[in-house]
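Please open the model in your viewer and keep the selection panel at hand. The stops below are meant to be taken in order.

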Amino acid sequence: MPIKKQTARTSPAKAPAKKNAIKKTVVKKVTPQKMAPKVSNKVGNKVGNTEVNKAGNKAEGDGLPLSVVIRRRIEAQNARFHANDNISAFIRPGELEGLVDEVAQKMEAVLESLVIDTESDHNTKNTSRRVAKMYVQEVFNGRYTEQPVLTKFPNVSRLNELMIIGPITVRSACSHHLCPIMGRIWIGVLPSKNSALIGLSKYSRLTEWVMCRPQIQEEAVVELADMLEKKIKPVGVAVVMEADHFCMQWRGVKDRDSKMINSVMRGSFLRDFNLRREFLALIERK
Ligand SMILES: [Zn+2]
């Protein structure tokens, strides 16, 4: 089984400063009428058309698609909104439903361009709405929802031994093809007596939140390690991710067995060879 092993040793200082990245994007003025796919009036139950832009009209920039309204708020703050960025701070209550409507409408146009007869094909009749809900509410949900609340406990027992959490199931998607990435993650933490500890389930919640975005694996593990360092302030943190990339299996080279493994070692995991070896030996046995 060919295994692509890639070790990314990134220090926190080298991590990209996302907040400062300034991206200029030209916002095109598109009226909702112009965007709407051509819909036959004969079919009354056509996906979501009556509801589209409901939320957008309520928001500022009346008449603009909701996505444009949100994009303008982000640009006003010079924030980044790449596929793997969380933009929840720019989304107001109730707007996610409006985004689902907008994505459903545009998905319908994609199906139309794929020359699929969604009117008489009962299997694809509601596909656009199903896909829109899947993207916004499920598989890319980590872009639109706030970081899960992590209850922190002081390290009263002054634990300073290696902790390993995993394997945590990973479901993500590549930002190149939006193909699934399915895998597992192991997290190693060496707390200091001043570290804040978080409950075991919170590691899974945090991992899921980071992974539920379109991205590339190399960046995903770095982002997770950054977040853990910030939250726990450990002496060392290690993240190893092993995943199947469906863009290599379902399409492309169609190599069913290829996996990608990434590891990020920080602090003591980087400096202390024995600690690193202990961590890697323990997760190898899983
Ligand atoms: Zn891909």
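**Stop one: a loop with an unusual backbone angle**

Begin by selecting Val115, which sits in the loop between helix 4 (95-113) and helix 5 (127-139); helices (H or I, at least four residues) and strands (E, at least two) are DSSP runs that are numbered from the N terminus. Although Val115 is not a glycine, its phi is positive, at about 55°. Val115 is exposed, having 6 other C-beta atoms within 10 Å; a residue is called exposed if 12 or fewer other C-beta atoms lie within 10 Å of its own, buried if 20 or more do, and partly exposed in between, with C-beta atoms placed from the backbone.

Before moving on, note that this is a predicted model, in which local features need pLDDT of at least 70 and side-chain atom pairs count only at pLDDT 80 or more, while totals for chains, interfaces and linings use all residues. To make selections, use residue numbers that start from 1 along each chain as its sequence is written.

**Stop two: a second loop**

Now select Lys254, in the loop between helix 9 (246-249) and strand 8 (259-267). Lys254 is not a glycine either, yet has a positive phi of about 55°, and it is exposed, with 9 other C-beta atoms within 10 Å.

**Stop three: a cis peptide bond**

Select Gly166 and Pro167 together, and look at the peptide bond that joins them, which is cis, with omega near -5°. Pro167 belongs to strand 3.

**Stop four: helix 11**

Next select residues 273-284, the twelve residues of helix 11, which reaches 16 Å from its first C-alpha to its last. That is close to the 16 Å expected at 1.5 Å a residue, where the expected span is 1.5 Å times one less than the number of residues.

Within helix 11, colour Leu275, Phe279 and Ile283, which are buried. They cover an arc of only 60° around the axis, and are therefore on the same side of helix 11; the arc is that of the directions from the helix axis to the C-beta atoms. Show strand 3 (163-174), strand 4 (180-190), strand 7 (236-245) and helix 10 (268-271) as well, since the buried residues of helix 11 pack against these elements. On the face turned away from the buried side, you will find the exposed residues Phe273, Asn274, Arg277, Ala281 and Glu284.

**Last stop: the whole chain**

Finally, select the protein chain, which has eleven helices and eight strands, and in which buried residues make up 30% of the 286 residues.

Terms used
Two residues are in contact if their C-beta atoms, placed from the backbone, lie within 7 Å.
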